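Here are some notes to read alongside the model. They take one helix and its surroundings, then one sheet.

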Amino acid sequence: MEYRPIGIFDSGFGGLTVLKEIEQALPQYDYLYFGDNARAPYGSRSFETVYAYTLEAVQWLFNRGCPLVILACNTASAKALRTIQQKDLARIAPERRVLGVIRPVTEMVGKMTRSRHIGILATAGTVASQSYVIETNKYFPDVTVVQEACPMWVPLVENNEFAGNGADYFVRHHINRLLGADPLVDTVVLGCTHYPLLEKKISRYLSAGIAVISQGAIVAQSLADYLLRHAEIAERCTTQGRRDFYSSETAEVFERSAILFYGRPIHCRQKS
């Protein structure tokens with residue numbers, strides 16, 4: 001049977017937290033995950049560089065049969081998705097689709113806040129893009145959005161130091177800055193796929209009653225809805241329950257850390 005998986009792309013490991021939720025919602029589909037670990041992190045890179053790297057990854061996944069690619073990376077979604085959708089797809093693969101992780105969250109967040117004030121914790125690149133602000137206000141013009149860049153959080157997670165006491169300083173520091181900028185915030189979005197691993201610490205330093213939104217479950221439900229609404233795409237995605245993992249880093253390095261994000265061991269191959 002022909003292999004046409006749903007492609008999942010991330011700059012590194014974080015997208016595995018999204019894939020895990022997507023698999024729970026849609027276990028029947030085949031998935032091909034590609035992490036560009038050799039060039040991570042993307043958060044501090046320029047728009048032009050992130051766009052070039054993301055387009056290269058999307059083309060690679062298309063070449064391996066993916067009818068649909070999910071950018072399970074906030075930085076790629078913020079800095080590359082719109083250009084790829086509007087400029088590149090018509091040229092390289094007009095019948096295929098690329099989706100991101102920011103829009104599904106911003107479509108939901110306005111329904112969750114009572115105070116109409118939300119906070120975004122994200123990488124510097126995602127914050128600089130203003131994507132969460134723009135997309136949220138598109139759907140909910142009355143919602144005030146404040147952002148806080150957390151540059152140390154990804155390294156803490158990727159170096160497996162997120163559970164230690166040393167991480168508390170950085171988590172507390174950025175939450176205090178976020179709430180200091182807007183004390184009315186009652187809903188906080190984790191705008192990076194690494195941050196669910198810090199969620200327990202984040203919740204510890206937030207005031208009681210502030211909701212924490214992690215992207216994975218929302219993105220999974222959004223994808224399920226998308227496939228229901230777009231049968232022509234769903235029918236082209238194969239359903240053998242197959243999982244494949246590739247990294248631009250050596251397979252051994254990827255496998256060693258992937259279990260933190262995915263929750264179980266995987267077999268990875270290095271992208272050629």
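1. The structure is a predicted model. In it, the cover over the buried residues of helix α4 includes α2 (47-63), β3 (68-71), α3 (74-79) and β4 (97-99).

2. Which residues of α4 are buried? They are L81, I84, D88 and L89. These residues cover an arc of only 110° around the axis, so they lie on the same side of α4. An α-helix has 3.6 residues a turn, so residues three or four places apart point the same way.

3. The other side of α4 carries the exposed residues Q86, A90 and R91.

4. Check the length of α4 as well. The helix runs over residues 81-92, and its end C-alpha atoms are only 14 Å apart, whereas a straight helix of 12 residues would span 16 Å at 1.5 Å a residue.

5. Now the sheet. Its four strands follow the order β6-β5-β7-β8, with parallel pairing, and the sheet is open. Why do β6 (144-149) and β8 (211-213) each have one side without a neighbour in the sheet? Both stand at the edges with a single partner strand each, so one side of each is left free of a neighbour there. On average, neighbouring strands are turned by 25° against each other, direction ignored.

6. Strand β5 (residues 117-122) pairs with β6 over six bridges, in the parallel sense. In this pair, A122 of the chain stands opposite A149 in β6.

7. Two helices to look at on the sheet: α5 (residues 102-112) packs there and touches β5, β7 (187-190) and β8, its direction making about 160° with that of β7. Helix α9 (residues 166-181) also packs on the sheet, touching β5, β6 and β7, and its direction makes about 155° with that of β6.

Technical notes
Residues are numbered from 1 along each chain as its sequence is written. This is a predicted model: local features need pLDDT of at least 70, side-chain atom pairs count only at pLDDT 80 or more; totals for chains, interfaces and linings use all residues. Side-chain values use heavy atoms; hydrogens and water are left out. Two strands pair if DSSP finds at least two bridges between them. Axes are lines fitted to C-alpha atoms, for helices over the stretch in contact, and angles run from 0 to 180 degrees between N-to-C directions. Contact means heavy atoms within 4.5 Å. The expected span of a helix is 1.5 Å times one less than its number of residues. Buried means under 20% relative accessible area, exposed over 50%, partly exposed in between (1.4 Å probe, protein chains only). The arc is that of the directions from the helix axis to the C-beta atoms.
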